[in-house]
Amino acid sequence: MTTPSILTVERLTMRFGGLVAVNGLSFEARRREITALIGPNGAGKTTVFNCITGFYKPTEGRILLAHNAPEPGAVDALTASAASHGRDLFLLERMAGHDIAAKAKVARTFQNIRLFGGMTVLENLLVAQHNALSAASAFSIAGLLGLKSYREAEAAAMERAVYWLRATNLIARADDAAAELSYGDQRRLEIARAMCTEPVLLCLDEPAAGLNPRESAELNQLLTWIRDEHGLSILLIEHDMGVVMGISDHIVVLDYGRKISDGPPDFVRRDPHVIAAYLGVEEEDVAAVEAEVQA
Amino acid sequence: MTAAATAEAQRSAAIPEALRDAALAGFVALVLFGSLIGLKTEPQNERLVLVQQWPSAFALAFIVAGGRFLLDVLVWRRGATATGEAWGGYAVALKSALVFFAALGAALTIIPDGRAGFSGLAQSLPIAPAWRDSIATALGLIGVASMGVFTVTAAMLISRAARLALNPKIGDGPRFTPAALTRNLIDELAPALLIIALLLPMLVAGPQQRYAMDTAVQVVTYIMLGWGLNVVVGLAGLLDLGYVAFYAVGAYSYAIIATEFGWSFWVCLPLAGAFAAFFGVVLGFPVLRLRGDYLAIVTLAFGEIIRIVLINWQSFTGGPNGINNVPQLSFFGLPFNRSDEGFHAFFGLEFNSAHRIIFFYYVILALALFTNFVTMRLRRLPIGRAWEALREDEIACRSLGLNTVNIKLSAFAIGAMFAGFAGSFFATRQGFISPESFTFHESALVLAIVVLGGLGSQIGVVIASIALIGASEFFRDLEEYRLIIFGASMVALMTWRPRGLVATRTPSAVLVERKEIASGLVTEGKG
């Protein structure tokens with residue numbers, strides 16, 4: 001099986017006791033594209049995210065992340081083995097949360113922003129580079145002694161932090177506490193922090209929530225720039241249709257834990273299933289409602 | 001009536017109003033203290049006798065009334081117009097009080113036998129003997145406190161002067177202007193305290209030296225423990241109520257290795273640290289998933305388990321009798337005793353029991369400074385930043401690929417290691433250890449030092465240790481009143497500085513300009 005997709009979710013099911021939050025969901029996120037995951041409240045979008053990023057262990061299903069297009073048969077061989085990952089193939093449902101970020105290189109942001117509020121903006125970005133820096137500090141020993149190798153690694157980390165601060169237009173706030181930033185700045189800082197982990201897949205959970213229209217537009221620019229300039233694949237959950245329709249290459253629509261539509265924005269926009277789910281009416285009544293709206 | 005006239009009327013009414021209010025407060029205090037302190041029952045010849053202590057009760061009521069009057073006039077009445085002005089007035093009052101005490105301290109330091117004469121002054125007053133003694137005690141304390149203020153101020157000025165002299169950036173014109181010397185003088189507190197710490201044996205020379213140095217050793221031990229616990233509680237945000245367990249592990253490691261194998265202190269010290277760190281990891285594993293109150297309870301239990309094992313494992317730890325004759329630390333092989341091979345004989349000095357305690361003081365000071373150096377360094381390294389990030393948000397840490405298990409365990413291990421070092425010093429200083437020394441009380445005291453100092457603040461730990469350990473020695477003459485003073489100062493501190501004395505966080509990395517972070521933004525950690 002060859003796939004151009006970076007992320008392949010197959011028959012993903014997540015049950016919490018009797019509640020089925022995600023039910024047999026399959027979808028793909030293609031390389032260097034922005035894939036949006038949308039759906040009404042409670043559709044199970046964040047649960048899918050939590051499964052992908054290792055915060056939940058899925059009840060059933062396979063989540064495959066491929067850094068490069070895999071050799072034929074490699075995926076089946078890995079699935080049959082007990083290992084959780086090969087060199088650039090990862091079965092995320094078998095991996096621990098911090099390994100998914102560190103090894104599989106999946107970064108995420110949170111619906112309710114989770115910054116290190118008491119630390120400065122710069123420190124937030126340095127924490128994101130912990131693994132690289134920690135290796136360079138040789139379990140803190142080289143760092144304690146102030147060896148050159150560590151100082152160089154630290155300078156490189158600072159450089160990367162400054163790069164992302166410029167990209168997100170936060171450079172002037174570098175030495176302020178993260179909690180002091182405005183809401184929009186905090187959202188961008190969270191993206192900058194995720195990018196400092198050098199991910200191959202960036203998962204954004206409602207990045208435009210609470211932003212004003214101007215900030216939303218800036219966010220669109222930032223995300224398309226990240227996709228084009230860094231060749232990054234982005235998976236995003238969003239309610240703001242301006243953002244979703246404006247930048248997504250591909251949209252997956254969920255309702256009650258099931259996929260109800262999957263395709264490019266123009267297709268999804270017209271899909272009666274989607275309109276029905278959003279308007280909260282039966283499918284048969286969609287035409288009637290549409291006619292009413294247009295009248 | 002014009003605004004000016006209104007203000008004038010308010011001002012003229014202020015003093016009588018304040019006096020009336022103070023008198024009322026004094027009356028309430030008298031009623032309370034009268035029953036609590038003025039009348040005391042004491043068993044005499046198998047029956048209770050009512051002892052009257054009216055002077056003390058009146059004195060306390062008077063202090064309450066006076067204090068309220070001063071606060072009223074200096075702070076509250078000014079605050080009636082603008083809050084900013086009120087704090088300005090408060091700061092001015094505080095500053096002038098400091099200058100006054102520093103001047104008094106300078107005078108007492110310069111006049112030969114100044115303090116003794118100062119407290120002796122009370123003896124010549126024509127008042128009742130009971131009052132005379134209390135006044136003499138109070139004057140003596142004021143004398144010591146002023147000399148302390150003077151010493152710290154002088155050290156701060158010396159440090160500032162040295163900084164100005166060494167800084168080539170300052171251009172033409174006089175360098176040592178009064179403004180340059182005194183601007184933000186409090187910034188010099190840390191170097192000033194270091195200067196005082198290094199010179200302490202000389203500063204307290206005299207008949208009181210041994211006692212003063214003994215207290216200083218105790219204070220510095222607690223500073224070291226506070227710095228160690230600061231890693232776990234202040235940086236990583238893991239509330240540890242059983243810190244004394246690691247102190248005990250360090251002390252017993254040294255005592256057992258030194259008595260069984262006769263190894264030297266400097267060999268045992270890293271071993272004791274390693275054992276304590278190992279126990280830190282052992283404790284860390286089961287509590288990894290616990291947070292907040294649950295973590296506190298389990299660490300508390302761990303501390304008790306260690307103590308109870310020490311009591312009951314007779315054959316290994318000596319049980320409740322502890323371990324006697326723990327080898328004492330010697331000065332590069334020279335023991336501190338009266339023998340001819342001793343320290344004093346080698347250097348041709350007269351034997352003085354203070355030599356040993358001064359040497360111990362420098363050893364614990366070096367260990368404490370090492371602790372401080374390592375933690376300050378670690379704070380700027382990835383591991384230190386990861387500890388703080390863990391305190392701020394554990395879930396975000398995981399999403400960034402931080403292995404939170406390793407980070408928590410490393411915080412427990414490093415914190416425990418410093419306690420292990422302090423424990424082996426404790427064992428060699430005392431020469432005798434028993435489980436009695438490692439009760440929950442010690443854990444609570446160290447935690448109080450960290451919390452009072454301000455979570456994560458290194459200088460805060462120093463101030464809090466001096467205040468808690470030093471001051472309780474300082475107020476020893478006041479006997480049971482020191483607990484009242486202790487409690488009152490705790491209440492005052494928690495009212496005005498709820499986040500501890502030093503309530504700002506210094507960033508670990510800076511791009512352009514270092515800005516202190518207000519404590520309100522910093523998370524305390526949920527476990």
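**Salt bridges and a cavity in a predicted model**

Let's start with A:Arg214, which is exposed at a relative accessible area of 56% (exposed is over 50%, buried under 20% and partly exposed in between, with a 1.4 Å probe and protein chains only). This is a predicted model in which local features need pLDDT of at least 70 and side-chain atom pairs pLDDT 80 or more, while totals for chains, interfaces and linings use all residues. Residues are numbered from 1 along each chain as its sequence is written, chains are lettered from A and ligands numbered from 1 in the order written, and side-chain values use heavy atoms, without hydrogens or water.

A:Arg214 has a salt-bridge partner in A:Glu218, with 3.0 Å between the closest N and O atoms (a salt bridge is a side-chain nitrogen of Lys or Arg within 4 Å of a carboxyl oxygen of Asp or Glu). Both residues sit in helix H9 of chain A (residues 213-230), 4 residues apart, or about one turn of the helix. Helices here are DSSP runs of H or I with at least four residues, strands are runs of E with at least two, and both are numbered from the N terminus. A:Glu218 counts as partly exposed, at 32% relative accessibility.

Stay with helix H9 and look at A:Arg227, whose side chain meets that of A:Asp249 in a salt bridge of 2.9 Å, N to O. This pair links distant parts of the chain: A:Arg227 belongs to H9, whereas A:Asp249, 22 residues away, is in the loop between helix H10 (241-247) and strand E9 (250-255) of chain A. A:Arg227 is buried at 13% relative accessibility, and A:Asp249 is partly exposed at 28%. Salt bridges can also share partners, and one such network joins A:Glu123, B:Arg379, B:Glu388, B:Arg391, B:Glu392 and B:Arg505.

Over all chains, the structure holds 30 salt bridges. One of them joins A:Asp205 to A:Arg108, with the closest N and O atoms 3.7 Å apart. Here too, distant parts of the chain are linked, as A:Asp205 lies in strand E7 (residues 201-205) and A:Arg108 in strand E6 (residues 106-108) of chain A, 97 residues apart. Are these two partners buried or exposed? A:Asp205 is buried at a relative accessible area of 1%, and A:Arg108 is buried at 4%.

Now turn to chain B. Its secondary structure comprises 20 helices and 4 strands, and 42% of its 527 residues are buried. Among its contacts with a separation of 6 or more, 68% are between residues 24 or more positions apart (a contact means heavy atoms within 4.5 Å). The accessible surface of chain B is about 27,000 Å², and carbon and sulfur atoms account for 68% of that area (by the Shrake-Rupley method with a 1.4 Å probe).

Finally, what about empty space inside? A search of the whole structure turns up 5 cavities of 30 Å³ or more. A cavity is a set of points on a 1 Å grid where a 1.4 Å probe fits but cannot get out, and lining residues have an atom within 4 Å of a point. The largest cavity encloses about 50 Å³, the volume being the space filled by probe spheres set on the points. Its lining consists of B:Trp227, B:Asn230, B:Val231, B:Leu235, B:Thr375, B:Arg379, B:Gly456 and B:Gln458. Helices H8 (209-235) and H14 (354-379) of chain B each supply at least two of these residues, and H8 gives the most, with 4. The lining divides into 3 nonpolar, 4 polar and 1 charged residue. B:Arg379, one of the lining residues, is also in the salt-bridge network described above.

Notes:
1 Å grid on protein atoms, 1.4 Å probe; cavity = no way out; pocket = protein on both sides within 12 Å on 5 of 7 lines; lining within 4 Å. Nonpolar A, V, L, I, M, F, W, Y, C, P; charged D, E, K, R; others polar.
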